[in-house]
Amino acid sequence: MDIVLVTTVISSLFVIVGAAEPLAARLRLPYGVILAVLGVMIGSGAMFFLRTEYTDALNPVAEAILGLPIRSNVFLYVFLPTLLFQATLGMNLRRMMDDWVPILVLAIVAVVVATLSVGYALFWVSGLPLAACLLVGAIVSTTDPSAVVSIFRSISAPRRLARIIEGESLLNDAAAIALFGLFMGFVMLGVPDPNLGDALAQFPRLILGGALTGWLLARAAGWVMAMFSRHELAQVSISVALPYLTYISAEQTIGASGVVAVVAAGLTLNLTGPGRVPPQAWSNLRELWDVLAHWAGALIFILAALLIPRIMEDMRAEDFLLIGVVVLAAIVARAAILYLLLPLLTAFKVSPAVEGPYRIAILWGGMRGAVTLALALAVTESLRVPSDIQRIVGILATGFTLFTLIVQGTTLRFVIGWLGLDRLSPIDEALSRQVVAVALQTVREDVARATENYDLSHDNVRDEAKRFGERLDAAVATAEASADILDRDRITLGLIALAGHERGVILARVRERTISARMAEQVLSDADRLIEGARTGGRSGYQRAARRSTSYGPAIRAALKLHSRLGISVPLARMTADRFERLLSQRLILRDLGAFIGGRIRRIHGRRVADLLHELLSRRVEAVETALEGLRLQYPGYAEKLERRFIRRTALRLEEREYTAMRGDGLIGFEVYNTLMQDLGARRAAAERRPRLDIAVQRAEFVRQFPLFEDIDDAALKRLSRSLKTRYVNAGDVIIGKGTPATSVYFIASGAVELESAGQTWRLGRGEMFGQIALLNKRTVRTEVRAIVPSTFLILGNAQFQRLLRRSKVLQEAVRASAEKRGIAPEKLVAE
């Protein structure tokens, strides 16, 4: 085929891709629907031109369109990895991890249920081999959530709901394509009725093998990208190679799922990349992948749609019945997930409650798209698949996809409107009127100052001010008429706005490089949790999310067990350093929020709400300071290193700004500017490296500063630091319960606890100990000890404590004082 003609056709397809997006926005239809319709029209037109003698002049163009050298392997090995890799890079992985249970359960169960429902429904009705029916089920079980997710975002649906749908769809595609490969093998081998148990038994091997391959290759790619830290184009090139090499390695080398491998590689790079790639390079990398995925998705739609007329050409009357069976079975399978499994997950509190209107929208918005068409095309082109199965699989998958795009896609917005999901709530409606009134007041003041500065015509200014004043008066009157928002709702709305502003401050700090890109992912996730918590739980939800940002998570507790039981300290050191930097970043951000509360929040919601938000912000600042002080006490000197690193990065940012300003003013030329920026870049790379935290050295330093151990010699202190075990607890956790045997003594490294016994309570803070009375009395504990803030304890066993007690006069005095406070004879305790 003439290369000029092929290039012309492909270039024209890009023109169509560019025109389809504004056309979809104009018609208020999903982008995929427009692409599919255009592709079908082009394919039908090309076939018409070839078969009519009146347009022979256009035959070369029609032949070029229908004869494009695009086969199913291009879809599977080029376009599909691009789509999947970009989807994983664009995810907020840390927020996804909060909902990994519902995402994973919904994805795996949904694929299996849809595959079995469609497969057995076809098997009972059509008489086709079971393997072929299950193959159709696997093909149509992939979903394209882009339409429903974009609509959910535009109507301010719960973010967690949209996130679960997006995550479920990605893993859904991975699982469905793995099943597709499994059943495709049975069809090509001529196994009509495979043993379902044996088939599903191979499923874990495909998944785990692919996940391990993707993880290993992504880690290797991250290491190489870190080596090329000063060469942005090299880093981007490595990222482009990663998904394709991963897919080929998994499929051709170890026989695992290439799709799962690409998803695992994308997730791994998403998690580790921001810490290894400079912020601007990471942003450019993601933007490149957004463009590549946009092109890949659009071209899949158009190129696959070009073949739809040819596939549907041999369609028979009975095929319409089979398409109806597939449609009905798929909808029933999806409904079973939404109305049976999802409520069950909600009852176990691992998934958010999904209201009825949203379930209907998700059910009707379950469209199929590029992935389904690509898999169907792979079947129709395989020479090892019997021709009759090729025909029926192609027709059923294509017909089902067209139904979801043309029927569901064109009516989805109508369904959303019918459900009332596109309308603001009464609270949001009233708030929007007040926001307009406040904004217009600010605008009037700014316009007045601007007209004075520019010395404009007095008559024109007066005329425009009069017209603007009329609009302002109308907005104020409307706002006063709807000023019946309850204080509780105003507080919720104020907290949502505050958390949103906090997110904006974080992004600004990242652009300034005051906060590292790696840390930005964590603090942005904290801000998203604050927004979501305020939306769903008001003030209490916001406070829960705020406490979580300073509490100890399960990951750091697992790292602590690795350190204490196996002596593996690397994960604990890394997570502790992360916590240090995260708390410093939070403190920096929180100090910027007070002005926003005193300004915008106060003007919109009033003084009372602003004062309450100031109080909540003060509590957050106090919690961060407490947690940070605890870490400083545990690891003296490390906080100072991080603060010095922050100062150096700030100085570099200001230095860069000065050079840029001088270049803009023409004070320095390009050569000088380039030399200065290269030197600055080298110093910035050094400043970005976080200082290493040595857990063992820091532990010994901390124990030496502990007041109760001040009279112990250095050799004994080293032995003691090795014997002490660390425990992290969050506010409200019970450290020792009543009736439990006394086995250890707890030294408070940071935080505070409350002891309750016989109706009396008292508190202990840093440097004090508890558990020693019951231990020396050799009886069960009669006191309950509960943490009142996130705290850290050093724990010493009975035998080590007894040896230490005999050696240390200071410790003996502390035991006597605590015994006298509780009315116990101290001489008896010490003597024992």
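## The S4–S5 hairpin

Alanine 752 stands opposite glycine 765 of strand S5. In this predicted model, S4 and S5 are antiparallel partners joined by six bridges. The two strands form a hairpin, with two residues between them. One residue of the turn, alanine 758, has a positive phi of about 55 degrees.

S4, which covers residues 752–757, also pairs with strand S7, residues 784–787. That pairing is antiparallel too and runs over four bridges. Within it, leucine 755 has valine 785 of S7 as its bridge partner.

## The sheet S2-S7-S4-S5

These pairings belong to an open sheet of four strands, ordered S2-S7-S4-S5 and paired in the antiparallel sense. Strand S2 (734–736) and strand S5 (760–765) are the edge strands, each pairing on one side only. On average, and ignoring direction, neighbouring strands of this sheet are turned by 30 degrees against each other.

## The sheet S1-S8-S3-S6

Another open sheet of four strands has the order S1-S8-S3-S6, again with antiparallel pairing. Its edges are formed by strand S1 (725–729) and strand S6 (769–770), each of which pairs on one side only. Helix H33 (residues 798–807) packs on this sheet and touches S3, S6 and strand S8 (791–797). The direction of H33 makes about 85 degrees with that of S8.

Strand S3 (residues 744–750) and S6 run antiparallel and are joined by two bridges. Here tyrosine 746 stands opposite phenylalanine 770 of S6. Both residues also take part in an aromatic cluster, in which ring pairs link Tyr746, Phe770 and Phe793.

## Aromatic pairs and a charge over a ring

Across the whole structure there are eight aromatic pairs. One of them joins tyrosine 120 and tryptophan 124, with 5.9 Å from centre to centre and 45 degrees between the planes, a tilted arrangement. The two residues are four apart in helix H6 (residues 100–126), so about one helical turn separates them. Their exposure can be set side by side: tyrosine 120 is partly exposed at 24% relative accessible area, whereas tryptophan 124 is exposed at 65%.

An arginine is found over a ring elsewhere in the chain. Arginine 579 lies over the face of tyrosine 552, at 4.2 Å from the ring centre.

## Two buried residues of helix H25

Helix H25 spans residues 570–590 and contains serine 585. This serine has a relative accessibility of 8% and therefore counts as buried. Apart from residues up to four places away in sequence, serine 585 touches Ile515, Met519 and Val523.

Arginine 587 lies in H25 as well. With a relative accessibility of 17%, arginine 587 counts as buried, because the cut-off for that class is under 20%. Neighbours within four places in sequence aside, arginine 587 is in contact with Val624, Glu625, Leu628, Arg632 and Glu643.

## Helix H7

Helix H7 (residues 130–140) is mostly covered, and eleven of its eleven residues are buried. The buried residues of H7 are Leu130, Ala131, Ala132, Cys133, Leu134, Leu135, Val136, Gly137, Ala138, Ile139 and Val140.

## The protein as a whole

The protein contains 35 helices and eight strands. Of its 832 residues, 48% are buried. The exposed area is about 39500 Å², and carbon and sulfur atoms supply 58% of that area.

Contacts can also be viewed by their separation along the chain. Among contacts between residues at least 6 apart in sequence, 79% join residues at least 24 apart.

Conventions: Residues are numbered from 1 along each chain as its sequence is written. This is a predicted model: local features need pLDDT of at least 70, side-chain atom pairs count only at pLDDT 80 or more; totals for chains, interfaces and linings use all residues. Side-chain values use heavy atoms; hydrogens and water are left out. Two strands pair if DSSP finds at least two bridges between them. Axes are lines fitted to C-alpha atoms, for helices over the stretch in contact, and angles run from 0 to 180 degrees between N-to-C directions. Rings of Phe, Tyr and Trp (its six-membered ring) pair if their centres lie within 6.5 Å; planes under 30 degrees apart count as stacked, over 60 as edge-to-face and the rest as tilted. Buried means under 20% relative accessible area, exposed over 50%, partly exposed in between (1.4 Å probe, protein chains only). A charge sits over a ring if NZ of Lys or CZ of Arg is within 6 Å of the ring centre and within 35 degrees of the ring normal. Contact means heavy atoms within 4.5 Å. Accessible areas come from the Shrake-Rupley method with a 1.4 Å probe; for residues, only the protein chains shown count as cover.
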